[in-house]
Amino acid sequence: MAGWSAALVAALALGSAGTTTVPQPDAAKVCDSCAEWNAPRPPFKVFGNTYYVGVAGLSVVVIKTSDGLVLLDGGLPQSATLVEANLRKLGLRITDVRVIANSHAHYDHAGGIAALQRWSGARVVASASGARALERGQPDEADPQAGFGAEANSFPRVAAGVEVVADRGQVRVGDVTLTAHLVPGHTPGSTTWTWRSCEGSQCLDIVYADSLNAVSAPGFRFSGDATQPSRAAEFRRSIASVAALPCDILLAVHPSFAGLDEKLKARRARPKQDPFVDREACRAYAADAARRLGARLAEEASATGKAKD
Ligand SMILES: [Zn+2]
């Protein structure tokens, strides 16, 4: 346990009424992309109070407030130790995390939340569907990927309970107000989070966008059929709502969705022109999602045609 800070171990020991507790991660999730996603990534400042502390392929964002820290997502179960180490590299402490907010309850974004919550004692907030899923350690039954099965989809459940936030609901921590924007589609409980961040006299709107990808287990149809309702109209509304957000900086649940590596490279090349500030980023992200959804619906329509032949 050489990686754990003395402060963290001491704080956890104090919190458990005299017994010495060493923070324990949950068992690692095994999946095709897990090792690639979970490669370490050094933490960095995005803007103002907002920092990236996630792993190579899964975003985790920390926001410094006047009353502790907010974390967005937790990556995989095996990401939690890397997130804790990244916080320490920034001079931050997991024990100062007050709130953990989730984008959607799949193992690659919610898997690390249970451990991060235990180590911090933070409140966990999510949409109603997301909260149920986090408490069960299992996606919503109506999730497009539910058909992959309970074992494939499982992640460590958040035992402490999860607070529900409604669409446009706000979560205040110190001087920071997060707003939840419910964007059902990728999951029934998908949530995009926004907040405002200032650096000197410049204040910017930051968007942490949930996935808008129409992907599913076999047999699921976004266009619906005799056994399942169409999700198409709801999904299109979600995409339109992300396009319309006040959006100076876009971060996304998978860093590649918002071109993180390209932006970091451009920032190194031209540090004075911050490539993270891009007022078209949310509209471009939404337009790409709309194209993908259109392609998926067309594929489902042609599959139906073939089935009737
Ligand atoms: Zn997902």
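Which residues of helix H6 (residues 128–136) are buried? Keep that question in mind while you load the structure, which is a predicted model.

**Stop 1: helix H6**

Select residues 128–136 and show the side chains. The buried residues here are Ser129, Gly130, Ala131, Ala133 and Leu134. Now bring in the surroundings: these buried residues pack against H4, helix H5 (113–120), strand S6 (123–126) and strand S7 (163–164). Before you leave, click on Gly137, just after H6, where phi is positive at about 70 degrees.

**Stop 2: His109 in H4**

H4 was one of the neighbours of H6, and His109 is a good residue to pick within H4. With a relative accessible area of 1%, His109 counts as buried, because the cut-off for that label is under 20%. Which residues does His109 contact, leaving aside its neighbours within four places in sequence? Select Leu58, Asp73, Gly74, Gly75, Asn102, Ser103, His104, Val253 and His254 to see them.

**Stop 3: the zinc ion**

His104, on the contact list of His109, takes you to the metal. The zinc ion is coordinated by NE2 of His104, ND1 of His106 and NE2 of His186, at 2.1 to 2.2 Å. Along the chain these donors follow the spacing H-x1-H-x79-H. Colour by sequence position and look at His106 and His186, a pair that links distant parts of the chain, 80 residues apart. His106 is in the loop between strand S5 (97–101) and helix H4 (107–110), while His186 is in the loop between strand S9 (176–182) and strand S10 (191–199). Are these two donors buried or exposed? His106 is buried, at 7% relative accessibility, and His186 is buried too, with a relative accessible area of 7%.

**Stop 4: the open sheet**

Switch to a cartoon view and find the seven strands that form an open sheet, in the order S1-S2-S3-S4-S5-S6-S7, with mixed pairing. S1 and S7 are the edge strands, each pairing on one side only. For a detail, select strand S3 (residues 61–65) and strand S4 (residues 68–72), which pair in the antiparallel sense over five bridges. Ile63 stands opposite Val70 in S4.

**Stop 5: helix H9**

Next, select residues 260–269, helix H9, where Leu260, Lys263, Leu264 and Arg267 are buried. Turn the view to look down the axis: the buried residues of H9 fall within an arc of 100 degrees, so they line one face of the helix. An α-helix has 3.6 residues a turn, so residues three or four places apart point the same way. On the other side of H9 you will find Glu262, Lys265 and Ala269 exposed. What covers the buried residues of H9? The cover includes strand S1 (44–47), strand S2 (50–52) and strand S12 (249–252).

**Stop 6: the aromatic rings**

Finally, show the rings. The whole structure holds four aromatic pairs. Phe220 and Phe222 form an edge-to-face pair, 4.8 Å centre to centre with 75 degrees between the planes. Phe220 is buried at 12% relative accessibility, and Phe222 is buried with a relative accessible area of 0%. Phe44, Tyr52 and Phe276 make up one aromatic cluster. For a last selection, choose Lys29 and Tyr107: the charged end of Lys29 sits over the ring of Tyr107, 4.8 Å from the ring centre.

Conventions: Residues are numbered from 1 along each chain as its sequence is written. Side-chain values use heavy atoms; hydrogens and water are left out. Donors are N, O and S atoms within 2.8 Å of the metal (3.2 Å for Na, K and Ca); water is not among the atoms, so sites may look incomplete. Helices (H or I, at least four residues) and strands (E, at least two) are DSSP runs, numbered from the N terminus. Buried means under 20% relative accessible area, exposed over 50%, partly exposed in between (1.4 Å probe, protein chains only). Contact means heavy atoms within 4.5 Å. Rings of Phe, Tyr and Trp (its six-membered ring) pair if their centres lie within 6.5 Å; planes under 30 degrees apart count as stacked, over 60 as edge-to-face and the rest as tilted. A charge sits over a ring if NZ of Lys or CZ of Arg is within 6 Å of the ring centre and within 35 degrees of the ring normal. The arc is that of the directions from the helix axis to the C-beta atoms. Two strands pair if DSSP finds at least two bridges between them.
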